[in-house]
Amino acid sequence: MSEHDPDLVPDGVDLDHPNPARIYDWFLGGNANWAIDREFGAKAVAAFPMVRAMAKVGREFLGRGVHYLARQGITQFLDLGSGVPTVGNVHEIADSVNPDSRCVYVDNEPVAVAHSQVLLEREGDLRRHAVLQADLRNPEDVWERAMDTGVLNPREPIGLIMVNVLYFVSPEDGPEDIIGQYRDLLVPGSYFLSSHMTVDGVPAEGEEERAEVRRQYRNSATPLHLRSREEFTRFFDGFDLVDPGVTWIPEWRPDELKSEATQDFLAEPATSSAFAGLGRKP
């Protein structure tokens, strides 16, 4: 990504403030980020060195979840807060099980949308996949625009994904109501895959470092809103939780897609500081 070249910056990109999608991209080793994102990320890593490994484990949970859903016969996915494309995108994982899978990516960050568009164009996948710039907090708008792409069939089950994003949704925005609106739009047999950062039950060791990272985000334009296991579990109201239920990310079906990073975390699952869950609409 070229630094601050106005000819290479997508419209609407804010280069005055760090952006969570671009910071996450930096954590994962990507290049769709600018100096302000790298500076923020470096401070977070300095405060809590494990944050990069945790980001990778969170990304791997997405892959395991999509792989599981594809094996259950889910062929279409709506990925909200999809972020900057990197290794193991939803459509790549789904295609490895069913080459006819379909996916609509949604993000409110112009860089994430622009990179997703380039990726899909390069792979020639614009017939089966699409990307939208939209805010997941507006379910009716997102749903209407996603269906207007012609990629998804609302009369068939959909894998709804909100991974590594809900902790940026404030309590004032009503996340439970937002998820409920999407749930009501999904047909029976659809799934809801999600993860969420927490301070509930994490080891006392490293708490000071975690708190420093939270302070850094709190002073940014995108503060973190961590939630308890109980609060996260309520997001699945109206869904039947799939075994093993709400659990630490590394403990959620670790054998679905084995990885060295995930196995490293299994000895101390709470180190991930995040819960994961999958629900099926009855």
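Which residue stands opposite Val-106 in S3? In this predicted model, that residue is Leu-132. The views below start from the whole chain and then move to single elements and contacts.

**View 1. The whole chain holds 10 helices and 8 strands.** The model is predicted. The chain has 282 residues, and buried residues make up 56% of them. Take the contacts between residues at least 6 apart in sequence: 76% of these join residues at least 24 apart. The accessible surface comes to about 12,200 Å². Carbon and sulfur atoms account for 47% of that surface.

**View 2. Strand S2 is largely enclosed by the rest of the structure, because 6 of its 6 residues are buried.** The strand covers residues 102-107. Both of its faces are covered. On one side lie Arg-102, Val-104 and Val-106, all buried. On the other side lie Cys-103, Tyr-105 and Asp-107, also buried.

**View 3. S2 pairs with strand S1 and is joined to strand S3.** S1 spans residues 76-80 and pairs with S2 in the parallel sense. That pairing runs over 5 bridges. Gln-76 has Arg-102 of S2 as its bridge partner. S3 spans residues 129-133. It is joined to S2 by 5 bridges, and the two strands run parallel. Here Val-106 stands opposite Leu-132.

**View 4. Asp-95 and Arg-128 form a salt bridge.** Side chains of opposite charge can pair when their charged atoms come close. For Asp-95 and Arg-128, the closest N and O atoms are 3.0 Å apart. The pair links distant parts of the chain, with the two positions 33 residues apart in numbering. Asp-95 sits in helix H4 (residues 90-97). Arg-128 sits in the loop between helix H5 (110-123) and S3. Buried means under 20% relative accessible area. Asp-95 has 19% relative accessibility, so it counts as buried. Arg-128 is buried too, with a relative accessible area of 11%.

**View 5. Arg-102 and Glu-156 meet in a salt bridge through their side chains.** The N to O distance is 3.6 Å. This pair also links distant parts of the chain, 54 residues apart. Arg-102 belongs to strand S2. Glu-156 lies in the loop between helix H6 (139-148) and strand S4 (159-162). What is the burial state of each partner? Arg-102 is buried, whereas Glu-156 counts as partly exposed at 33% relative accessibility.

**View 6. Arg-145 and Asp-141 form a salt bridge within helix H6.** Their side chains meet at 3.7 Å, N to O. The two residues are 4 apart in the helix, so about one helical turn separates them. Arg-145 counts as partly exposed, at 31% relative accessibility. Asp-141 is partly exposed as well, with a relative accessible area of 35%.

**View 7. Asp-135, Arg-137 and Asp-173 are linked in a network of salt bridges.** The salt-bridge count comes to 9.

**View 8. The model has 1 cavity of 30 Å³ or more.** How large is the volume of the largest cavity? The volume is about 50 Å³. Residues that line this cavity include Arg-59, Leu-62, Asp-79 and Ser-82. Gly-83, Val-84, Pro-85, Asn-89 and Val-90 are also among them. Tyr-105 and Ser-116 line the cavity as well. Tyr-105 is one of the buried residues of S2.

Note on methods:
Residues are numbered from 1 along each chain as its sequence is written. This is a predicted model: local features need pLDDT of at least 70, side-chain atom pairs count only at pLDDT 80 or more; totals for chains, interfaces and linings use all residues. Side-chain values use heavy atoms; hydrogens and water are left out. Buried means under 20% relative accessible area, exposed over 50%, partly exposed in between (1.4 Å probe, protein chains only). Contact means heavy atoms within 4.5 Å. Accessible areas come from the Shrake-Rupley method with a 1.4 Å probe; for residues, only the protein chains shown count as cover. Two strands pair if DSSP finds at least two bridges between them. A salt bridge is a side-chain nitrogen of Lys or Arg within 4 Å of a carboxyl oxygen of Asp or Glu. On a 1 Å grid over the protein atoms alone, a cavity is a set of points where a 1.4 Å probe fits but cannot get out, and a pocket is an open set with protein on both sides within 12 Å along at least five of seven lines; lining residues have an atom within 4 Å of a point. Grid points are joined across faces, edges and corners, and a volume is the space filled by probe spheres set on the points.
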